[in-house]
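Could you walk me through this structure, starting from the aromatic side chains and working inwards? I'm new to it, so plain language would be great.

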Amino acid sequence: MTDKRTIRVTVRGSFDNLTADQKAELLAAGAEHADMLDVQYTAEGHLHYDLAARPFFTFRFAEEVDEEKDIPQVTARAEAKAAAWMTARGYGFKRITSQTVDMSEVPLGPRGRRLQG
């Protein structure tokens with residue numbers, strides 16, 4: 001039996017060709033998406049942007065897999081979910097990139113080592 005691996009995917013992109021109404025809608029909802037201290041990785045994806053400052057957005061996704069070979073599919077699903085969210089709302093976007101981290105590969109800091117041992 002293998003341990004589950006928690007995979008975190010950060011998907012970034014730029015809003016593109018937004019209408020005035022779309023900008024106003026995003027700015028109105030911006031307070032719930034602009035808190036830099038509210039970083040969450042979820043299966044549905046957690047959206048962060050500050051359109052008043054810059055035209056970029058970040059989605060954060062988390063998923064568990066059994067094997068390392070499944071990680072590329074997690075990345076592809078995260079990118080597809082981010083694109084689907086934008087498309088469903090009619091928001092234009094460009095330059096989608098992603099960064100994937102296997103949390104089982106992240107070294108523990110001093111506090112984590114103390115708690116583990």
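Trp 85 is partly exposed, because its relative accessible area is 25%, and buried would need under 20%. Keep in mind that this is a predicted model. Now look at Phe 59: at 2% relative accessibility, this residue counts as buried.

These two residues meet. The ring centres of Phe 59 and Trp 85 sit 5.6 Å apart with the planes at 70 degrees, so the pair is edge-to-face; planes over 60 degrees apart are what earns that label. The pair also ties together distant parts of the chain, since Phe 59 lies in strand S3 and Trp 85 in helix H2, 26 residues apart.

Phe 59 has another ring partner. With Phe 57, the centres are 5.9 Å apart and the planes at 75 degrees, so that pair is edge-to-face too. Both Phe 57 and Phe 59 are buried.

Step back a little, and you'll find seven aromatic pairs in the structure. One aromatic cluster is formed by Phe 15, Tyr 49, Phe 57, Phe 59, Phe 61, Trp 85 and Tyr 91.

What about the core? Nonpolar side chains tend to be buried together in soluble globular proteins. Here, the largest nonpolar core has 19 residues, and Phe 15 and Phe 59 touch the most other members. Strands S1 (5–15), S2 (46–49) and S3 (56–65) and helix H2 (71–88) are the elements giving two or more residues to this core. H2 gives the most, with five residues.

To finish, follow Phe 15 outwards. Leaving aside residues up to four places away in sequence, its contacts include Leu 26, Tyr 49, Pro 55, Met 86 and Phe 93.

Technical notes: Residues numbered from 1 in each chain as written. Predicted model: local features only at pLDDT ≥ 70, side-chain atom pairs only at ≥ 80, totals over all residues. Heavy atoms only, no water. Core = buried A, V, L, I, M, F, W, Y, C linked by side-chain atoms within 4.5 Å. Buried < 20%, exposed > 50% of the residue type's maximum accessible area, 1.4 Å probe, protein only. Helix = DSSP H or I, 4+ residues; strand = E, 2+ residues; numbered from the N terminus. Contact = heavy atoms within 4.5 Å. Phe/Tyr/Trp six-rings, centres within 6.5 Å; stacked < 30°, edge-to-face > 60°.
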